[in-house]
Amino acid sequence: MRIFLTGATGHIGSAVLDALLRAGHEVDALVRTPEKVQQVSLRGVRPLVGDLSVPATYAAAAEDCDRIIHAAFEASSAGQHVDRLAIDTLLAAARRRAEAGKSAVVVYTSDIWVLGSTEAPAIEEAAVNPVELVAWRPEHERFVLGAAHEGVRTAVLRPGLVYGGARGIIGDLLKDAANGLVRVVGNGRNHWACVYDRDLADLYLRLVAHPEVSGVYHANDEADERVDDIVDAIARHAKSRPDVRHVPLEEARKKLGPQADALALDQLVRSPRAKAIGWVPTLHSVAGSVARLLEEFRTARAAA
Ligand SMILES: NC(=O)c1ccc[n+]([C@@H]2O[C@H](COP(=O)([O-])OP(=O)(O)OC[C@H]3O[C@@H](n4cnc5c(N)ncnc54)[C@H](OP(=O)(O)O)[C@@H]3O)[C@@H](O)[C@H]2O)c1
């Protein structure tokens, strides 16, 4: 299949790109600069220099592809608006394909934080209750899902915190531990929903290949890990044990803004819809995988 991918240089998108290529797909990858072309120039990839905020740079390329995966996100104050523009552009491309009688599937990357704190394990049908940081996301999800009846199949994927490599919040914990001080927002007794990057990529692969993909899919390893347990496991593997400081939420908000509340979320999450299409995560927890994650972290840092 020919697949249009945004975010191919990102934490999630780079894992998705690897998985798509391993599975033998051709990938049209949107990248922002000619330098980034180098990063994705592997066999089977057609790099396309453009920007999510400039639809003319990628609308036609998306229309040429059998599947569209949106895994990019602009980390700026315009991020939410750029995301909506990208969704509009990608859904319009899919609609044009459908009108021409071609298959059209759009997979949108959302975020498990839209669930807010959960009182019981939350499945995909659970009501959303987003923290401020992602308060805008459910509307984007609804927009993507609502486009499905126009002859286009759409899926919303909500990854947990992604681990693997050197990036992301777990990557930051590994780095902080190596530097001797790990800060935890809140009391650390809250649970995070997490997912290994390669397992997450496998779910994208299943979604693009599945003939009836539609609706919301959670992606997490279901380990129900407390933040303190993750941090403790990482600390035990550090060359010298780092200090761990619990930062009261109020104080953390002053430094991190709305991200503090996202990090303090207490989430128990289940992914039954993903499992129903055969998805089986290979890594089952962060704490149980630290030795491997440290190796990946060092390899990724050395390659950067
Ligand atoms: N990582 C996680 O733990 C996690 C968990 C749940 C949900 N998510 C969601 O998943 C999505 C991707 O996250 P991520 O962690 O992979 O992010 P990331 O590592 O920051 O990567 C973002 C990607 O988007 C690209 N990008 C940014 N602005 C762009 C623009 N204007 N035009 C074209 N490309 C642009 C970046 O390109 P450059 O290389 O040029 O910067 C990069 O490839 C986000 O929506 C995020 O909220 C992430």
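The following points set out the sheet, the packed helices, the nonpolar core, the ligand shell and one loop residue of a predicted model.

1. The sheet. Seven strands make up an open sheet, with parallel pairing and the order E3-E2-E1-E4-E5-E6-E11. Its edges are formed by strand E3 (45–49) and strand E11 (215–219), each of which pairs on one side only. From one strand to the next, the twist averages 20 degrees.

2. One strand pair in detail. Strand E1 (residues 2–6) is joined to strand E2 (residues 26–31) over 5 bridges, in the parallel sense. Within this region, Thr6 stands opposite Leu30 in E2. As general background, strands of a sheet pair through backbone hydrogen bonds, and the arrangement may be parallel or antiparallel.

3. Helices on the sheet. Helix H4 (residues 79–99) packs on the sheet and touches E1, strand E4 (67–70) and strand E5 (105–109). The direction of H4 makes about 175 degrees with that of E4. Helix H5 lies across E5, E6 and E11, and runs at about 150 degrees to E6.

4. The nonpolar core. The largest nonpolar core contains 93 residues. Those that touch the most other members are Leu5, Val16, Ala29, Ile68, Val106, Val107 and Tyr204. In soluble globular proteins, nonpolar side chains tend to be buried together.

5. Contacts of Val107. Which residues are in contact with Val107, leaving aside its neighbours within four places in sequence? They are Ile69, His70, Ala155, Leu157, Tyr204, Leu207 and Val208. Tyr204 is also listed with Val107 among the core residues that touch the most other members.

6. The ligand shell. There are 27 residues around the ligand, of which Thr9, Gly10, Ala72, Phe73 and Glu74 come nearest. Two or more residues are given to this shell by each of helix H1 (11–22) and strand E7 (161–163). The largest share, 3 residues, belongs to H1. By residue class, the shell holds 12 nonpolar, 9 polar and 6 charged residues.

7. Glu150. This residue is found in the loop between helix H5 (137–146) and strand E6 (153–159). Is Glu150 buried, exposed or partly exposed, and why? Glu150 has 13 other C-beta atoms within 10 Å; it is therefore partly exposed, since burial requires 20 or more and exposure 12 or fewer. Beyond its neighbours within four places in sequence, Glu150 is in contact with Arg95 and Ala98. The C-alpha atoms of Glu150 and Ala94 are separated by 9.5 Å, although the two residues are 56 residues apart along the chain.

Definitions and conventions:
Residues are numbered from 1 along each chain as its sequence is written. This is a predicted model: local features need pLDDT of at least 70, side-chain atom pairs count only at pLDDT 80 or more; totals for chains, interfaces and linings use all residues. A nonpolar core is a set of buried Ala, Val, Leu, Ile, Met, Phe, Trp, Tyr and Cys residues joined through C-beta atoms within 7 Å. Two residues are in contact if their C-beta atoms, placed from the backbone, lie within 7 Å. A residue is near a molecule or strand if its C-beta atom, placed from the backbone, lies within 6 Å of it. Helices (H or I, at least four residues) and strands (E, at least two) are DSSP runs, numbered from the N terminus. Ala, Val, Leu, Ile, Met, Phe, Trp, Tyr, Cys and Pro count as nonpolar, Asp, Glu, Lys and Arg as charged, and the others, Gly among them, as polar. Two strands pair if DSSP finds at least two bridges between them. Axes are lines fitted to C-alpha atoms, for helices over the stretch in contact, and angles run from 0 to 180 degrees between N-to-C directions.
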